[in-house]
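Reader: I've just opened this one and don't know where to start. Could you walk me through it?
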Amino acid sequence: MYEQIHEAATYIRSKISNTPTVGVILGSGLGSLADAIEPEAEIPYHDIPNFPVSTVQGHSGKMVIGKLGGKTVVVMAGRTHYYEGYTMQEVTFPVRVMKAIGVEALFLSNAAGGMNPSYKIGDIMLIKDHINLFPEHPLRGPNDERLGTRFPDMSEPYDHKLLALAKEIAQKQSLPVQTGVYIGLQGPTFETPAEYTWLRIIGGDAVGMSTVPENIVAKHGGMRVFAASIITDLGITGQVNTVSHEEVLAAANEAAPKLCTLVSAMIAEM
Ligand code: HPA
């Protein structure tokens, strides 16, 4: 895998002159952050050697490199998911490549179902911790010490300083935000009422089908991570919670500008 990572990284470096130190992976409906960038290069995933290409509607699939908030950033508009059939190594490959081209801080966003009864559709939840319920671990298998240690510490999965900065900026922008625990599981079904209840009992505020594998691989590689969810639907015990992919995309699109503004300000100030 090490060689494949470096082959992809070498290709990307050949297209750019500045080294990105910040990486952003955009989830469902959040592609508009890519439009806020002054682009230096736009590289479709299918041009990058060894890169996985997403099949889901709403995930366009290109890497945009350019300036945001005065810093060189690399944004992945569109991600692959485990439920699409990719292996965990494929899902997290772009994180490895970002690390290889120089990224030190990774920003992740996603759409998620809210289980905390104080949450509303359209809320932004800053992720302070996660629970990994994926059936397979991205670091399972022989460990390549060039990529990271065998047993990574996970005492600070989401960087405290970036979280504090996000809260400070949100307050300045009069943007209300929630802070909570994200549970990652494989999907593609949304949860049954009993599952939402159980996920709430074990400590989740929101649930979704991404972010956790990328976080783990980023921590393995020694990166700082910030992540936020847009609450696109609710799974609240005692209520009827129907949900469709269309509703998720619509709610994510509507709330996306708030998250874009927050993330752009964070990148400018970090
Ligand atoms: N469950 C799982 N994944 C999701 C949800 C949900 O309710 N909403 C958006 N992604």
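**Around the ligand**

Author: Let's begin with the ligand's neighbours: Ala111, Ala112, Gly113, Phe190, Glu191, Tyr196, Val207, Gly208, Met209, Thr232, Asp233 and Val248. A residue is near a molecule if one of its heavy atoms lies within 4 Å of it. Bear in mind that this is a predicted model, where local features need pLDDT of at least 70, side-chain atom pairs count only at pLDDT 80 or more, and totals for chains, interfaces and linings use all residues. Residues are numbered from 1 along each chain as its sequence is written, and side-chain values use heavy atoms, with hydrogens and water left out.

Reader: How do the residues of that shell divide into nonpolar, polar and charged?

Author: Ala, Val, Leu, Ile, Met, Phe, Trp, Tyr, Cys and Pro count as nonpolar, Asp, Glu, Lys and Arg as charged, and the others, Gly among them, as polar. Here, that gives seven nonpolar, three polar and two charged residues.

Reader: Which polar side-chain atom lies 2.5 Å from a nitrogen atom of the ligand?

Author: For a polar contact, look for a pair of N or O atoms within 3.5 Å; within protein, one must be able to donate a hydrogen and the other to accept it, and residues adjacent in sequence count only if both atoms are side-chain atoms. The atom you're after belongs to glutamate 191. Tyrosine 196 has a side-chain N or O atom 2.8 Å from an oxygen atom of the ligand.

**Salt bridges**

Reader: How many salt bridges does a search of the whole structure find?

Author: Side chains of opposite charge can pair when their charged atoms come close. The cut-off is a side-chain nitrogen of Lys or Arg within 4 Å of a carboxyl oxygen of Asp or Glu. The search finds seven. In one of them, glutamate 214 joins arginine 79, with the closest N and O atoms 2.8 Å apart. Glutamate 214 sits in helix H5 (residues 212-220) and arginine 79 in the loop between strand E4 (71-77) and helix H2 (88-101), so the pair links parts 135 residues apart in sequence. Helices (H or I, at least four residues) and strands (E, at least two) are DSSP runs, numbered from the N terminus.

Reader: Is glutamate 214 buried or exposed?

Author: Buried means under 20% relative accessible area, exposed over 50%, and partly exposed in between (1.4 Å probe, protein chains only). Glutamate 214 is buried, at 2%, and arginine 79 is buried as well, at 3%.
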